[in-house]
Amino acid sequence: ALGPTFITGQRQIQLSATLGAQYFIDGKALDVTRTDIRVPLQAIEEWEIVNLTPEHHVFHVHQLSFQVTKLNGVDVPFSGYDDNVNI
């Protein structure tokens with residue numbers, strides 16, 4: 001498990017949507033051809049993913065695994081790395 005001493009950066013990412021099912025990431029309309037975030041090689045970042053909608057979304061980052069440390073502000077014991085999580 002990675003601890004706070006390994007973190008090289010922090011981000012908050014907000015997921016939202018309209019009633020017409022248009023999805024947004026940080027206020028920008030979802031566009032699968034656009035790259036919004038680039039993380040430097042070997043960086044270890046702490047991301048807070050905020051779901052501003054009333055429905056669950058699967059959060060997934062292509063080609064890597066991540067450690068979930070909190071869900072809804074509650075600490076999660078380390079049980080391995082994930083490649084997707086319900087938000």
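Calls and cut-offs in a predicted model

Me: Where does Gln63 lie?
Reply: In this predicted model, Gln63 lies in the loop between β5 and β6 (70–71).

Me: Why is Gln63 called exposed?
Reply: Its relative accessible area is 84%. Exposed means over 50%, so Gln63 counts as exposed.

Me: What makes the phi of Gln63 worth listing?
Reply: Phi of Gln63 is near 70°, which is positive in a residue other than glycine. Most residues other than glycine have a negative phi.

Me: Which loop holds Asn72, and why is Asn72 called exposed?
Reply: Asn72 is in the loop between β6 and β7. The relative accessible area of Asn72 is 82%; the cut-off for exposed is over 50%, so the label applies. Asn72 is not a glycine and has a positive phi, near 55°.

Me: Why is the pair of Trp47 and Phe59 called edge-to-face?
Reply: The ring centres of Trp47 and Phe59 are 6.4 Å apart, and the planes meet at 70°. Pairing needs centres within 6.5 Å, and edge-to-face needs planes over 60 degrees apart. Both conditions hold, so the pair is edge-to-face. A search of the whole structure gives 3 aromatic pairs, and ring pairs join Trp47, Phe59 and Phe66 into a cluster.

Me: Why is the pair of Trp47 and Phe59 said to tie parts together?
Reply: Trp47 belongs to strand β4 (residues 45–51) and Phe59 to strand β5 (residues 58–60), so the pair links parts 12 residues apart in sequence.

Me: How do you know whether Trp47 and Phe59 are buried or partly exposed?
Reply: Phe59 has 13% relative accessibility. Buried means under 20%, so Phe59 is buried. Trp47 has 28%, which lies between the 20% and 50% limits, so Trp47 is partly exposed.

Me: What makes up the largest nonpolar core?
Reply: The core has 9 residues in all, among them Phe59, Phe66, Ile49 and Ile87. Leaving aside neighbours within four places in sequence, Ile87 is in contact with residues including Ile49, Phe59 and His57.

Me: Why is Tyr81 called partly exposed?
Reply: Tyr81 has 44% relative accessibility. Partly exposed is the range between 20% and 50%, so Tyr81 falls in that class. Tyr81 is placed in the loop between β7 (74–75) and β8 (84–86).

Me: What makes Tyr81 eligible for a surface patch?
Reply: Patch residues need over 30% relative accessible area, and Tyr81 has 44%, so Tyr81 passes that cut-off. Tyr81 forms a nonpolar patch with Leu2, Phe6 and Phe78, and together they have about 390 Å² of accessible area.

Note on methods: Residues numbered from 1 in each chain as written. Predicted model: local features only at pLDDT ≥ 70, side-chain atom pairs only at ≥ 80, totals over all residues. Heavy atoms only, no water. Patch = residues over 30% accessible without salt bridge, like charges linked within 9 Å, V, L, I, M, F, W, Y side chains within 5 Å. Areas by Shrake-Rupley, 256 points an atom, 1.4 Å probe, with all protein chains shown as cover. Salt bridge = Lys/Arg side-chain N within 4 Å of Asp/Glu carboxyl O. Helix = DSSP H or I, 4+ residues; strand = E, 2+ residues; numbered from the N terminus. Buried < 20%, exposed > 50% of the residue type's maximum accessible area, 1.4 Å probe, protein only. Phe/Tyr/Trp six-rings, centres within 6.5 Å; stacked < 30°, edge-to-face > 60°. Core = buried A, V, L, I, M, F, W, Y, C linked by side-chain atoms within 4.5 Å. Contact = heavy atoms within 4.5 Å.
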